[in-house]
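Work through the exercises below with the sequence and the model open. Each task is followed by a solution in steps.

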Amino acid sequence: MSVAELKERHIAATATVNSLRERLKQKQQLLVDTDVAAYGRSQGRSAISFVSTDLVCCRTLQGHTGKVYSLDWTPEKNRIVSASQDGRLIVWNALTSQKTHAIKLQCPWVVTCAFAPNGQSVACGGLNSACSIFNLNSQVDRDGNIPVSQILTGHKGYVYSCQYVPDQETRLITSSGDQTCILWDVTTGQRISVFGGEFPSGHTADVLSVSINSSNSNMFVSGSCDTTARLWDTRIASRAVRTYHGHQGEVNTVKLFPDGQRFGTGSNDSTCRLYDMRTGHQLQVYSQQHDGDDNDIPTVTSIAFSISGRLLFAGYSSGACYVWDTLLAEVILNLGELQNSHEGCISCLGLSSDGSALCTGSWDKKLKIWAFGGQRRVI
Amino acid sequence: MAAAEALEEKQADATQAPRPRSPRRYTDLCGRHRLQARVQLLSREIGFLEEELQSVEGLQPVSVCCKEVDKYVGTTPDPLIPTYKKRHKSCCFSRWLRAMVCFNATCFTGGCSSWQNRPCCTRRPNGSCSSSGGYPSRSCCSVSCSRLRCVIPRLSCPGYSCGCVCSCSNCTKVRLCPTCLCCISHCVCE
């Protein structure tokens with residue numbers, strides 16, 4: 001086929017794709033008969049009432065000398081790992097605020113970290129395009145550092161996010177600036193599957209975040225600079241199961257909803273959204289009016305759901321940390337305005353495995369732990 | 001004159017680069033293959049979109065999903081949300097028992113938070129220890145840096161939180177106290 005014929009085919013195929021996408025959008029729109037908040041109000045749901053002392057900062061974890069970029073809880077035992085601009089990972093005992101490990105990294109440009117399900121290893125990744133694994137029980141070297149036990153190389157761009165597959169110490173998923181996600185065998189250091197890339201249909205820009213479904217660990221969601229989120233089946237790397245549109249800006253963060261059937265996203269367009277995984281429906285937009293001009297619209301950097309899903313915690317580049325009532329789409333508290341709150345951008349947050357505490361990390365170099373400090377009234 | 005002009009023209013021709021009569025055809029193999037790959041990708045995408053269009057026919061409306069969300073959230077307890085429970089006269093003992101259990105365990109159904117009851121240790125600037133929550137001070141703040149001595153934390157080591165900063169013997173190497181693992185970025189010399 002000649003180049004001219006190919007060019008004609010390309011133009012025709014592009015027009016067909018655009019037309020099909022439009023038809024799909026219109027058909028999906030016909031199914032949008034309500035959203036979560038309107039449904040909640042129709043059922044007589046009343047808003048949760050929080051006073052400023054209901055959620056209190058009960059621990060401040062100090063020790064990093066640079067911005068905190070990422071944190072992760074262990075599935076048990078209340079430990080947290082954090083990664084910072086200072087080029088260190090720190091493992092904290094969240095109950096006592098003690099540091100149990102301080103790992104100085106060879107590549108200081110770390111942006112993500114994760115705890116293994118058994119709490120014995122941590123993983124981190126960043127601008128060296130690799131993911132490093134550290135066994136916390138390893139003998140320290142002459143300089144008092146824990147040596148790296150495995151380096152996962154293969155990405156052709158920065159590693160923005162990493163997460164261990166729940167209940168599988170040897171499987172890890174990373175997302176990267178090379179527009180792909182990779183499932184790794186941590187023991188051998190080998191890539192098991194690559195999701196996306198030039199040929200298999202996938203993200204068309206940097207992938208900033210992943211969240212694995214703990215109810216079905218074969219499924220995970222990714223969020224990207226191409227403004228979409230995508231659902232993947234680890235058994236089928238050739239294409240995304242579904243693509244979720246709606247955001248007007250880069251999707252910085254994705255998190256599975258506790259029921260394992262929905263997920264939330266946070267974006268540069270300053271909104272969080274709730275999507276239904278199976279149908280692709282956008283169920284709710286969480287959007288707040290912000291003061292200031294359009295150039296100062298804060299971006300959503302990180303999100304987490306409470307254990308019931310009733311609360312959505314969203315960290316913003318402005319330093320705000322809104323607590324959304326997910327069922328009524330209302331902000332019920334701003335942790336950023338409470339006493340003892342952070343003094344900078346909230347870059348990461350995460351909920352403990354039992355749902356009793358939230359940890360936030362910030363550019364003010366600190367991590368803070370928030371728990372319920374109110375009284376539970378009896379009648 | 002005409003001969004001179006002809007000669008000048010010939011010399012000018014000689015200095016200019018030779019021009020072919022018609023432009024040479026270069027076979028742009030790299031671009032053609034790339035274009036072909038893009039067309040293949042688009043064909044695949046068309047297939048996926050057609051499948052998705054078919055699947056939309058059988059999809060449930062958004063309201064059904066909203067109902068599922070509402071039901072799940074409404075039936076799942078949450079330790080971070082104020083709740084109300086009916087008081088039963090006979091549960092005084094069980095409330096006391098829960099309070100004792102909650103001191104050491106993570107629980108939320110009993111109405112207490114282990115985060116509030118956990119003992120907290122702090123080291124005062126003068127080096128002495130204080131603790132809250134009934135935790136013995138000597139257990140809370142005992143640190144021993146084997147072969148290294150602990151010094152009172154100073155402004156030069158603001159990153160500590162355990163209250164123990166270890167000095168190096170010759171100021172060229174940073175060592176971490178094996179017990180408290182302070183995160184220090186430079187050597188503190190004594």
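**Exercise 1.** Which residue in β11(A) does A:Tyr164 stand opposite? Place the two strands in their sheet.

Solution. The model is predicted, and the steps below read it as it stands.

Step 1. In β11(A), A:Leu172 stands opposite A:Tyr164. Another residue pair comes from A:Val159, whose bridge partner in β11(A) is A:Ser176.

Step 2. Between β10(A) and β11(A), the latter spanning residues 171-176, there are five bridges, and the two strands run antiparallel.

Step 3. Six residues separate the two strands of this hairpin, and A:Asp167 in the turn has a positive phi of about 65°.

Step 4. The hairpin strands belong to an open sheet of four strands in chain A, ordered β10-β11-β12-β13 with antiparallel pairing. At the edges are β10 (159-164) and β13 (190-196) of chain A, each paired on one side only. From one strand to the next the twist averages 20°.

**Exercise 2.** Describe the largest nonpolar core and say which element gives the most to it.

Solution. Step 1. The largest nonpolar core holds 22 residues. Those with the most contacts inside it are A:Cys272, A:Leu274, A:Leu283, A:Leu312, A:Ala314, A:Tyr316 and A:Trp324.

Step 2. Two or more residues each come from α2 (36-42), β20 (272-276), β21 (282-286), β22 (300-305), β23 (311-316) and β24 (321-325) of chain A, and from α3 (62-75) of chain B.

Step 3. With five residues, α3(B) gives the most to this core.

Step 4. Apart from this core lies another one of 21 residues, including A:Ala304, A:Val323, A:Leu333 and A:Leu338.

Step 5. For a single residue of the largest core, take A:Trp324. Beyond its neighbours within four places in sequence, A:Trp324 contacts several residues, among them A:Tyr286, A:Arg310, A:Leu312, A:Tyr316 and A:Val331.

**Exercise 3.** Which element supplies the largest share of the lining of the second largest pocket?

Solution. Step 1. The volume of the second largest pocket is about 1,300 Å³, and 48 residues line this pocket. Nearest its centre lie A:Arg21, A:Thr228, A:Arg230, A:Thr243 and A:His245.

Step 2. At least two lining residues each are supplied by α1 (3-30), β17 (242-244), β20 and β21 of chain A and by α2 (29-56) of chain B.

Step 3. The largest share, nine residues, comes from α2(B).

**Exercise 4.** Is A:His342 buried or exposed? Locate this residue and list what it touches.

Solution. Step 1. A:His342 sits in the loop between β25 (330-334) and β26 (346-351) of chain A.

Step 2. The relative accessible area of A:His342 is 8%. The cut-off for buried is under 20%, so A:His342 counts as buried.

Step 3. Leaving out residues up to four places away in sequence, A:His342 touches A:Thr360, A:Gly361, A:Ser362, A:Asp364, A:Lys366, A:Leu367 and A:Lys368.

Step 4. From A:His342 to A:Gly196 the C-alpha to C-alpha distance is 37 Å, with their positions 146 residues apart in sequence.

**Exercise 5.** Summarise chain B: how many helices and strands are there, and in what order do the elements run?

Solution. Step 1. Chain B has six helices and four strands.

Step 2. Starting at the N terminus, the order is α-α-α-α-α-β-β-α-β-β.

Step 3. Of the 190 residues in chain B, 30% are buried.

Step 4. Among contacts in chain B with a separation of 6 or more, 24% join residues 24 or more positions apart.

Note on methods:
Residues are numbered from 1 along each chain as its sequence is written. Chains are lettered from A and ligands numbered from 1 in the order in which they are written. This is a predicted model: local features need pLDDT of at least 70, side-chain atom pairs count only at pLDDT 80 or more; totals for chains, interfaces and linings use all residues. Side-chain values use heavy atoms; hydrogens and water are left out. A nonpolar core is a set of buried Ala, Val, Leu, Ile, Met, Phe, Trp, Tyr and Cys residues joined through side-chain atoms within 4.5 Å. Buried means under 20% relative accessible area, exposed over 50%, partly exposed in between (1.4 Å probe, protein chains only). Contact means heavy atoms within 4.5 Å. Two strands pair if DSSP finds at least two bridges between them. Axes are lines fitted to C-alpha atoms, for helices over the stretch in contact, and angles run from 0 to 180 degrees between N-to-C directions. On a 1 Å grid over the protein atoms alone, a cavity is a set of points where a 1.4 Å probe fits but cannot get out, and a pocket is an open set with protein on both sides within 12 Å along at least five of seven lines; lining residues have an atom within 4 Å of a point. Grid points are joined across faces, edges and corners, and a volume is the space filled by probe spheres set on the points.
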